[in-house]
Amino acid sequence: MSLKEYTDSYGNYYQLSKTKEYLTTIFIHGVGLDNTMWYPQKEFFYDRSVLFYDLINHGKSTGGFKELSFKIYSNQLLNLIDELQLEKINIVGFSIGALIAQHFTEKFYNKVNKLVLIGSVYQRSKDQIEIVQKRFNQALNGSSITIDSIKRWFSENYLKNNPQVYDFFYNLLEKKDDQNFLPAYKIFVNSDKYPINYSNFKMPTLIMTGENEVGSTPFMSEGISKEIKNSNLFIIKNAKHGATIEQADVVNEKLNKFLF
């Protein structure tokens, strides 16, 4: 099987590979990125039912939204699921994608078979919120936060040994349109103002983050794991925010075991 490209009736871009043997697993990327960040997972799960899509204001999906919300992003996912007539799905969410996955699950929990949250923030401290707010202000004032982001996401040695990864993310982040990026980044910055009710999160859930994460710390993942009763916590060794790439083999094996 191979991924085929589609656009739904709302102008949202996605890539889909479908087989009858498996439930469809939907991957949700991080802020300022697009579906291409999942390239190690696309290669690994080529023979499964998988869907990778671009969030509104990202990649090839519809853009121009000056105000965004978790409700808008949840509805984007719901519309996609409904259009494809998928009764139940698995979700793998990364960073803001993990937050969108949680907000979606809070409301549409009976559509979610299994849930995976990678590098999610949770109950950030005042100091942690100030740090991300400062970065948002820099971006708002026209300063590039690309190099700072890549250095936070990957270990120095990994980037030195894998210059193609640095180039990939540098090009991806630099080509983004700030008019589209900033409204999305704003809801990520303010995400603590929109707490999630976990009472209906009864589906099997896997929570992962890198052991050297500074923004979505292991402590935060532990907090989410305590909220979701039927969850497993896995801290990815020798990884930061870019764990799905830097430790792709470990992450893919963990996803494979959990989802399939």
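Which helices do the buried residues of H7 pack against? Before I answer, a word on what we are looking at: this is a predicted model, in which local features need pLDDT of at least 70 and side-chain atom pairs count only at pLDDT 80 or more, while totals for chains, interfaces and linings use all residues. Residues are numbered from 1 along each chain as its sequence is written, and side-chain values use heavy atoms, with hydrogens and water left out.

Let me start with helix H7 itself. Helices here are DSSP runs of H or I with at least four residues, strands are runs of E with at least two, and both are numbered from the N terminus. The expected span of a helix is 1.5 Å times one less than its number of residues, so the 12 residues of H7, residues 163-174, should span 16 Å, and the end C-alpha atoms are indeed 16 Å apart. The buried residues of this helix are Val165, Phe169, Leu172 and Leu173, where buried means under 20% relative accessible area, exposed means over 50%, and partly exposed lies in between, with a 1.4 Å probe and protein chains only. Seen down the axis of H7, these buried residues fall within an arc of 95°, so they line one face of the helix; the arc is that of the directions from the helix axis to the C-beta atoms. And now the answer to my opening: the buried residues of H7 pack against helix H1 (39-44), helix H5 (146-153), helix H6 (156-161) and helix H10 (243-246), with contact meaning heavy atoms within 4.5 Å.

Helix H9 (218-227) can be described in a similar way. Its buried residues are Pro218, Met220, Ser221, Gly223, Ile224 and Ser225, and they pack against helix H3 (96-108), strand E6 (112-118), helix H4 (126-140), E7 and E8.

Next, the aromatic rings. Rings of Phe, Tyr and Trp (its six-membered ring) pair if their centres lie within 6.5 Å, and planes under 30 degrees apart count as stacked, over 60 as edge-to-face and the rest as tilted. The structure holds 20 such aromatic pairs. One of them joins Tyr6 and Tyr14, which are stacked at 5.2 Å centre to centre with 20° between the planes; Tyr6 is partly exposed at 33% relative accessibility, whereas Tyr14 is buried at 6%. The rings of Phe154 and Tyr158 have their centres 5.8 Å apart and their planes at 20°, so this pair is stacked as well, and both residues are buried. Ring pairs also link Tyr22, Phe27, Trp38, Phe44, Phe45, Phe52, Phe94 and Phe260 into a cluster.

One member of that cluster, Phe260, brings us to charges. A charge sits over a ring if NZ of Lys or CZ of Arg is within 6 Å of the ring centre and within 35 degrees of the ring normal. The charged end of Arg48 sits over the ring of Phe260, 4.7 Å from its centre, and that of Lys254 sits over the ring of Phe234, 4.4 Å from its centre.

What else does Arg48 form with Asp47? The two make a salt bridge, the closest N and O atoms being 3.3 Å apart, and a salt bridge is a side-chain nitrogen of Lys or Arg within 4 Å of a carboxyl oxygen of Asp or Glu. Arg48 counts as buried at 14% relative accessibility, while Asp47, at 31%, counts as partly exposed. The structure holds 6 salt bridges, and another is that of Arg152 and Asp148, at 3.5 Å from N to O; both residues lie in helix H5, 4 residues apart, about one turn of the helix. Lys237 and Glu211 form a salt bridge too, with the closest N and O atoms 4.0 Å apart. Lys237 lies in the loop between strand E8 (231-236) and H10, and Glu211 in the loop between strand E7 (205-210) and H9, so the pair ties together parts that are 26 residues apart in sequence.

Finally, consider Asn252, which is in helix H11, residues 248-259, and is buried at 3%. Asn252 and Gln41 are 211 residues apart in sequence, yet 6.6 Å apart in space, C-alpha to C-alpha. Leaving aside residues up to four places away in sequence, Asn252 touches Pro40, Gln41, Phe44 and Phe45.
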